[in-house]
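Biologist: Hi! Could you walk me through this one?
Modeller: Happy to, here it comes.

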Amino acid sequence: ARSVPVGVSVWNRLFSLSCTFTGVCAFLYHLSTGKIRNFFRRLDYTAVALSAVSLTCARTTEATRPLFAAALSAVIAPFQPLLVAGAHMMSTEVAFLRRALSDPKLRETHFRHTCSGLLGFAAFYGDDWFPQVPYLHAAWHVLSAHATSLTGCLVQSQVA
C-alpha cells in the first residue's frame, strides 16, 4: 500500500520519510535509559535537522532547489544539528511568509504554523536548558506536531 499519493515529488516523499524517521528517533529516545539515552537524544536532534533540510528541498522548485547547501547541511547535521535545524527552519519560515503575504488565504495558516513552530522550537531547546520544568518536552511534541500538520498546504502553495 502506498502512503504517499502518486504524482507527489520525490522531495515531498523524502520530507514525509524524514518526519517518520524523526518520530522513530524520538520514540527510541523516550524508551531508552542509561548511556544509550544520550546517543538517542543526539540522533533525535539530528533527525529534526535532517527533516528541516528535506523540507527546504520539498518547498523549493527545481530551478531554485539548493542541492549543494542541502547536501552540505546533511553532512554537518550530525555534528551541528541545532545550527542546521535553525538555519533551515528560518529560511523555510521566510519563504512561507513571502507566499502568505502574496496570498491572503494562507495568512492564518502561516500565522498558526509560525507561532506553533517558534513556541515548539523554544520548548525543544528549553527542555535541555530547564530540565526541571514539567511537561516542557511534551509541549515540544504537541507544538511541533501541530506546526508539521500545517506544513503540507504551505509546501503545496509554495511550489504550485
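Modeller: First, a bit of vocabulary: Ala, Val, Leu, Ile, Met, Phe, Trp, Tyr, Cys and Pro count as nonpolar, Asp, Glu, Lys and Arg as charged, and the others, Gly among them, as polar. This is a predicted model, where local features need pLDDT of at least 70 and side-chain atom pairs pLDDT 80 or more, while totals for chains, interfaces and linings use all residues. Residues are numbered from 1 along each chain as its sequence is written, and side-chain values use heavy atoms, without hydrogens and water.

Biologist: Thanks! How do the residues lining the largest pocket divide?
Modeller: Into 15 nonpolar, 14 polar and 2 charged. A pocket is an open set of 1 Å grid points over the protein atoms alone where a 1.4 Å probe fits, with protein on both sides within 12 Å along at least five of seven lines; lining residues have an atom within 4 Å of a point.

Biologist: How much space lies in there?
Modeller: About 720 Å³, counted as the space filled by probe spheres set on the points, which are joined across faces, edges and corners.

Biologist: And which lining residues are closest to the centre?
Modeller: Met89, Trp140, Ser144, Ala147 and Thr148, out of 31.

Biologist: Which helix gives the largest share of that lining?
Modeller: H4, with 8 residues. Helices here are DSSP runs (H or I, at least four residues), numbered from the N terminus.

Biologist: Switching topic: what is Ala49 in contact with, beyond four places in sequence?
Modeller: Ala77, Pro81, Val84 and Ala85, with contact meaning heavy atoms within 4.5 Å.

Note on methods
Helix = DSSP H or I, 4+ residues; strand = E, 2+ residues; numbered from the N terminus.
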